[in-house]
Amino acid sequence: MKKIKMGIVGAGVWGETHASIYNEHIFAEVVAICDIREERARQVAEKYNIKEVYTDFREMAEKSDCDAVAIVTPDFLHADIAVEFANKGKHLLIEKPLATTKEDIYKIVEAVERNGIRAMVDLHNRWNPPFNTAKQKIASGILGKPYTAYIRLNDIKWVATDMLSWSDKSSILWFLGSHSLDTLRWMFDDEVKRVYSVKRSGLLKELGVDTDDIFLTTIEFKNGGIAHMENGWITPNGNTNINDFKFSILCTEGMISIDASSHNLIHMVTEDRAHTPDILVSNTVFDRCKGFAYESIRDFIDRLIDGREFRVSLEDAKKSALAIIAIQESAEIGQPVEVVEG
Ligand SMILES: NC(=O)c1ccc[n+]([C@@H]2O[C@H](COP(=O)([O-])OP(=O)(O)OC[C@H]3O[C@@H](n4cnc5c(N)ncnc54)[C@H](O)[C@@H]3O)[C@@H](O)[C@H]2O)c1
């Protein structure tokens, strides 16, 4: 069977993850990689046997005969790259968030529709086993209708201060809030009507990173559901897991609770701290990639091969991103904000 020829733009931490998944997939191969840091692009190319290396995505769009492109650049640098490759007829896997401004969101949607290509956004929590199970139970109807929910998805400070070089140009709302928001929309099977968010900042600024610390948001859905969403980048670095991830949903005839980060499936203690390794998210078993963060990327290839719809549509990602923009605005002005299209 034909292999999907993949290109990757952005050879950072997550771009390398993409390369490893395509490299392992029997129906995919990575033919091109691009990063403005040439040395880094060459390093990843050598490790995964990628023949074409570029430092300019426009040159890659012009020259490469890849079938699809993964866009794995920082949160706010997705739109121009997506439009360039859409105009060349390449299918797209865009890392979350879709984009961080209304202008960029609509630019991507317009280019995808005009060129008739397929696009998925990597909102991977739908592949997270406990969440996927919760969704199946809710969809079966045995719990009645979703009524209220609480979701907390926080990172330790290190992600903002050390892991990402660009956290001051993004926010925890884009980096993790996009996952939380997509999860809520999916569970409620509904769209966000209105949001009210309160934020705090100062701790990260003191550490030299000019971004907000934490957002606490109330979300109202169109059909009456309510959720509370917490996203912060200030969990103490000593936490046993990078994430602090909790979820509960109260339905009219039942409820579900999930502890996705300190689950203690595996607990490891070294001289200086305790760890709860992220085995549900991303790990390897006999050198093969396992974990839901890999499954979403693999699923993109599967669905290009079998032609079925992506499990996260461009419309899903657009709606989540527009709701995040409303949350940002609400936290800025201290008032509830309606989510509006356009
Ligand atoms: N789905 C997930 O679980 C997940 C996990 C981590 C990151 N991400 C997302 O993936 C994206 C990348 O994150 P990361 O952690 O790999 O960041 P990173 O900083 O490690 O990598 C980004 C790379 O993009 C390169 N780059 C910047 N501008 C470019 C351009 N114009 N052309 C080509 N390359 C360019 C940088 O040099 C860098 O190597 C972000 O949107 C992030 O939110 C998703």
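How far is the sulfur of Cys 34 from the closest cysteine sulfur, and which residue holds that closest sulfur? The legends below refer to a predicted model, and the first of them takes up this question.

**View 1. Cys 34 and Cys 66, two cysteines without a disulfide.** The sulfur of Cys 34 lies 11 Å from that of Cys 66, the closest cysteine sulfur, which is too far for a bond. A disulfide requires sulfur atoms within 2.5 Å, and by this rule the count is 0 disulfides. Cys 66 is likewise in no disulfide, with the sulfur of Cys 34 as its nearest cysteine sulfur. Cys 34 is buried, at a relative accessible area of 3%. Cys 66 is also buried, at 2% relative accessibility.

**View 2. The open parallel sheet.** The sheet consists of 6 strands in the order E3-E2-E1-E4-E5-E6, with parallel pairing. Strand E3 (52-54) and strand E6 (119-122) form the edges, each pairing on one side only. On average, neighbouring strands are turned by 25° against each other, direction ignored.

**View 3. The pairing of E1 with E4.** Strand E1 (residues 4-9) and strand E4 (residues 68-71) run parallel and are joined by 4 bridges. Opposite Met 6 stands Ala 68 in E4.

**View 4. The aromatic pair of Phe 76 and Trp 166.** In the whole structure, 7 aromatic pairs are found. One of them, Phe 76 with Trp 166, is edge-to-face, with 6.2 Å centre to centre and 75° between the planes. Phe 76 belongs to the loop between E4 and helix H4 (79-86), and Trp 166 to the loop between helix H7 (157-163) and helix H8 (172-188), so the pair ties together parts that are 90 residues apart in sequence. Phe 76 is partly exposed at 23% relative accessibility, whereas Trp 166 is buried at 15%.

**View 5. The stacked rings of Phe 300 and Phe 310.** The ring centres of Phe 300 and Phe 310 are 5.3 Å apart, and 20° separates their planes. Because Phe 300 lies in helix H10 (residues 292-306) and Phe 310 in the loop between H10 and helix H11 (314-333), the pair ties together parts that are 10 residues apart in sequence. Both Phe 300 and Phe 310 are buried. Arg 118 lies over the face of Phe 310, at 4.2 Å from the ring centre.

**View 6. A cluster of aromatic rings, with Lys 96 over Phe 175.** Phe 76, Trp 166, Phe 175 and Trp 233 are linked into a cluster by ring pairs. Over the face of Phe 175 lies Lys 96, at 3.9 Å from the ring centre.

Methods:
Residues numbered from 1 in each chain as written. Predicted model: local features only at pLDDT ≥ 70, side-chain atom pairs only at ≥ 80, totals over all residues. Heavy atoms only, no water. Buried < 20%, exposed > 50% of the residue type's maximum accessible area, 1.4 Å probe, protein only. Pairing = 2+ DSSP bridges. Helix = DSSP H or I, 4+ residues; strand = E, 2+ residues; numbered from the N terminus. Axes fitted to C-alpha atoms, helices over the stretch in contact; angles between N-to-C directions. Phe/Tyr/Trp six-rings, centres within 6.5 Å; stacked < 30°, edge-to-face > 60°. Lys NZ or Arg CZ within 6 Å of the ring centre and 35° of its normal.
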